Amino acid sequence: MKFSRASKTYEDWAIPQRISAEILKSLDTLEGSVLDVGCGTGFGSMGLNDVVGIDLSLEMLKVYKSRGFLGVCADAGSMPFKDKSFDCVVSNFALHWTDINVVLREIFRVCKKRFLCAMPVEGSLKGLDFPFYPAEGVIEKVQRLGGKLRKVQLESIDIPFEGWDLVRFFHYTGSSYNPSNRGILKSKNSIELLLSSIDKPSFLMLFFSCEVL
């Protein structure tokens, strides 16, 4: 699994992910018990007290748990928690890798009160043809599940790497896989052609908080 292989290099390169987590946690208050969905190494959990992380990557969870957090290795689409187990749920830079129709239902199942989310959406990484969800579609799904929106914002976060360092960014953060074409990074020539077409790579981030009804 690419994220497990990147567990030792992730934090040195995942600058947009770290920035996103700080913006997300300043978006709204998180009180009581918190579940961090797709916790990775813990950017979204830092500064929280009563928090549990869930992630598919054992190696990422090793880093997460080394910080004193409780972590569970499981699929976010089928979480091993009882209904309404957590007061709040937070997810940073993770849901774009999932089937959000399934995962959002699970989040609303285990969450009592409030859900905060940050995820890159359509308009991110122009030129790479990654199938990001459209922001409007994500918000619509949240509302259909009964989420009462409190705050919504779109913000661009630059990737501070260019050329082959951009390739290393994808590799060292475990994000070089593209579901639309079975991989972003291919031959050297195709990579060089791709790099020449990218100007100021960035993520268009959707941030939102909602009450879970």
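1. Helices and strands are named here as DSSP runs, a helix having at least four residues and a strand at least two, with numbering from the N terminus. On that footing, Ser45 of this predicted model falls in the loop that joins β1 (34-37) to β2 (51-55). Although it belongs to a loop, Ser45 has a relative accessible area of 0% and is therefore buried, the cut-off being under 20%. Leaving aside residues up to four places away in sequence, Ser45 is in contact with Asp36, Val51, Tyr64 and Phe69.

2. For the protein chain as a whole, the secondary structure consists of 8 helices and 7 strands. The chain has 213 residues, of which 51% are buried. Among its contacts with a separation of 6 or more, 73% are between residues 24 or more positions apart. The accessible surface of the chain is about 10,300 Å², and carbon and sulfur atoms contribute 50% of that surface.

3. A second loop residue that deserves attention is Leu95, which sits between β4 (86-92) and α5. Is Leu95 buried or exposed? With a relative accessible area of 1%, Leu95 is buried. Its contacts, again without residues up to four places away in sequence, are with Val37, Ile100, Val103, Leu104, Ile107, Phe115, Cys117, Met119 and Tyr133. Val121 is 26 residues from Leu95 along the chain, and the C-alpha atoms of the two are separated by 10.0 Å.

4. The loop between β4 and α5 also holds Phe93, a residue other than glycine whose phi is nonetheless positive, near 60°. Phe93 has a relative accessibility of 8% and so counts as buried. A positive phi is found as well at Lys84, again a residue other than glycine, where the value is near 55°. Lys84 belongs to the loop between β3 (70-73) and β4, and its relative accessibility of 35% places it in the partly exposed class. A reader checking the backbone may wish to look at Phe93 and Lys84 in turn.

5. The packing of two helices is described by the angle between their axes and by the distance between those axes. For helix α5 (residues 100-110) and helix α6 (residues 135-144), the angle is about 40° and the axes lie 10 Å apart. Because of that angle, α5 counts as oblique to α6. The residues that make the contact are Ile100, Asn101, Leu104 and Phe108 on the α5 side, and Val138, Lys141 and Val142 on the α6 side. The crossing of α5 past α6 is right-handed. Two of the α5 residues in this contact, Ile100 and Leu104, are also among those touched by Leu95, which links this helix pair to the loop discussed in point 3.

6. Which residues of helix α7 (residues 163-172) are buried? They are Leu166, Val167, Phe169 and Phe170. These four cover an arc of only 150° around the axis, so they lie on the same side of α7. The pattern can be read against the geometry of an α-helix, which has 3.6 residues a turn, so that residues three or four places apart point the same way. After α7 comes Gly174, with a positive phi near 75°.

Methods. Residues are numbered from 1 along each chain as its sequence is written. This is a predicted model: local features need pLDDT of at least 70, side-chain atom pairs count only at pLDDT 80 or more; totals for chains, interfaces and linings use all residues. Side-chain values use heavy atoms; hydrogens and water are left out. Buried means under 20% relative accessible area, exposed over 50%, partly exposed in between (1.4 Å probe, protein chains only). Contact means heavy atoms within 4.5 Å. Accessible areas come from the Shrake-Rupley method with a 1.4 Å probe; for residues, only the protein chains shown count as cover. The arc is that of the directions from the helix axis to the C-beta atoms. Axes are lines fitted to C-alpha atoms, for helices over the stretch in contact, and angles run from 0 to 180 degrees between N-to-C directions. Angles under 35 degrees count as roughly parallel, over 145 as roughly antiparallel, 65 to 115 as roughly perpendicular and the rest as oblique. A crossing is left-handed if the near helix is turned anticlockwise from the far one by less than a right angle, and right-handed if clockwise.
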